[in-house]
Every structure is written in C-alpha cells, then in structure tokens.
Amino acid sequence: MTGPRVGVYAISVAAEMAGTNVQNLRVYERKGLVAPDRTAGGTRLYSRDDVDRLGRIRDLLDLGLNLAGIALVLELEADNARLRGDVRRLRAAARA
C-alpha cells in the first residue's frame, strides 16, 4: 500500500525534505505535532503528509509562533478542513 499517508521516509530524509534537522523532528513528535509510522524495530518512517506538515510547522516557526501556538494552529486548520468537508457533503445532499 502506498500513498501520501504511508510512512516511507527515514527521519534524516524527512528532515532534509522539510528543511530542518533530525533533532527538531524528535521534538515535534514529543510535542504531538507529528506522529510518524514506526517499523517493528521502532524506526520512524515519515509519509508525504508528514513531510508537508513539517513544512507547515517550519513556516509557522518562521512567523514567530512557538510550538504551543503551532499546535493550536494545526488543530484549528484540521477542524476547518473537516468543517469544510461537512459543508460540501451537506450542500451535495441538499442538491440531491
């Protein structure tokens, strides 16, 4: 199975792709900002979605937000995306 949610990138590759370093990725995981897949041996594997999220974290850091603020922004963005999906579904159901 492949796709944007499947962990395929090692931590060093994900860090390079996101323009940050490995230590930051470990901190982000501890803070609950990202949750990479794990192999049976415990190796972190990051998906394309994870790498995109890491880029968003980097962008928010560049804007001056701290990790607590970033957690709130990411949560609000996810809620917003879910609500937009609900609205689309409701509109489609109303048209049918």
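Biologist: Happy to look at this one with you! Which elements do the buried residues of α3 pack against?

Modeller: Keep in mind that this is a predicted model. The buried residues of α3 are Asp 50, Val 51, Leu 54, Gly 55, Ile 57 and Leu 60. Their packing partners are α1 (11–18), α2 (22–30), β2 (44–45) and α4 (67–95).

Biologist: How far apart are the end C-alpha atoms of helix α3?

Modeller: Helix α3 covers residues 48–62, which is 15 residues. At 1.5 Å a residue, the helix should therefore span 21 Å. The model agrees with that expectation, as the end C-alpha atoms are separated by 21 Å.

Biologist: Nice. Which residue with a positive phi follows α3?

Modeller: Just after the helix, the phi angle is positive, near 100°. The residue that carries this angle is Gly 64.

Biologist: Let's go to the other end. At the start of α3, which backbone nitrogen does a side-chain oxygen of Ser 47 reach?

Modeller: Ser 47 sits in the loop between β2 and α3. Its side chain reaches the backbone oxygen of Pro 4 at 3.2 Å. At the start of α3, a side-chain oxygen of Ser 47 also comes to within 3.3 Å of a backbone nitrogen, that of Asp 49.

Biologist: Is Ser 47 buried or exposed?

Modeller: Leaving aside neighbours within four places in sequence, Ser 47 is in contact with Pro 4, Arg 5, Val 6, Gly 7, Val 8 and Tyr 9. The relative accessible area of Ser 47 is 2%. The cut-off for buried is under 20%, so Ser 47 counts as buried.

Biologist: Now for a pair of helices. Is α1 roughly parallel or roughly perpendicular to α2?

Modeller: Two packed helices are described by the angle between their axes and the distance between the axes. Here α1 and α2 pack at about 100°, with the axes 8 Å apart. Angles of 65 to 115 degrees count as roughly perpendicular, so α1 is, relative to α2, roughly perpendicular.

Biologist: How many nonpolar residues are in the contact of α1 with α2?

Modeller: From α1 come Ile 11, Ser 12, Ala 14 and Ala 15, and they meet Val 22, Leu 25 and Arg 26 of α2. By class, this contact has one polar residue and one charged residue, and its nonpolar residues number five.

Biologist: Which side chain makes a polar contact with the side chain of Arg 44?

Modeller: Arg 44 belongs to strand β2. Not counting residues up to four places away in sequence, Arg 44 touches Tyr 9, Ala 10, Ile 11, Arg 26, Glu 29, Pro 36, Asp 37 and Arg 38. The side-chain polar contact, at 2.4 Å, is with Glu 29.

Biologist: And where does Glu 29 lie?

Modeller: Leaving aside neighbours within four places in sequence, Glu 29 is in contact with Val 34, Pro 36, Arg 38, Arg 44 and Tyr 46. Glu 29 itself lies in helix α2.

Biologist: What separation in space do the C-alpha atoms of Arg 44 and Ala 10 have?

Modeller: Ala 10 is one of the residues that Arg 44 touches. Along the chain, the two are 34 residues apart, while their C-alpha atoms are separated by 6.3 Å.

Biologist: One last pair, then: how far apart in space are Val 13 and Lys 31, C-alpha to C-alpha?

Modeller: Val 13 is placed in helix α1 and is partly exposed, with a relative accessible area of 37%. Val 13 and Lys 31 are 18 residues apart in sequence, and their C-alpha separation in space is 20 Å.

Key
Residues numbered from 1 in each chain as written. Predicted model: local features only at pLDDT ≥ 70, side-chain atom pairs only at ≥ 80, totals over all residues. Heavy atoms only, no water. Helix = DSSP H or I, 4+ residues; strand = E, 2+ residues; numbered from the N terminus. Expected span 1.5 Å × (residues − 1). Buried < 20%, exposed > 50% of the residue type's maximum accessible area, 1.4 Å probe, protein only. Contact = heavy atoms within 4.5 Å. Polar contact = N/O pair within 3.5 Å; in protein donor to acceptor, adjacent residues only side chain to side chain. Axes fitted to C-alpha atoms, helices over the stretch in contact; angles between N-to-C directions. Parallel < 35°, antiparallel > 145°, perpendicular 65-115°, else oblique. Nonpolar A, V, L, I, M, F, W, Y, C, P; charged D, E, K, R; others polar.
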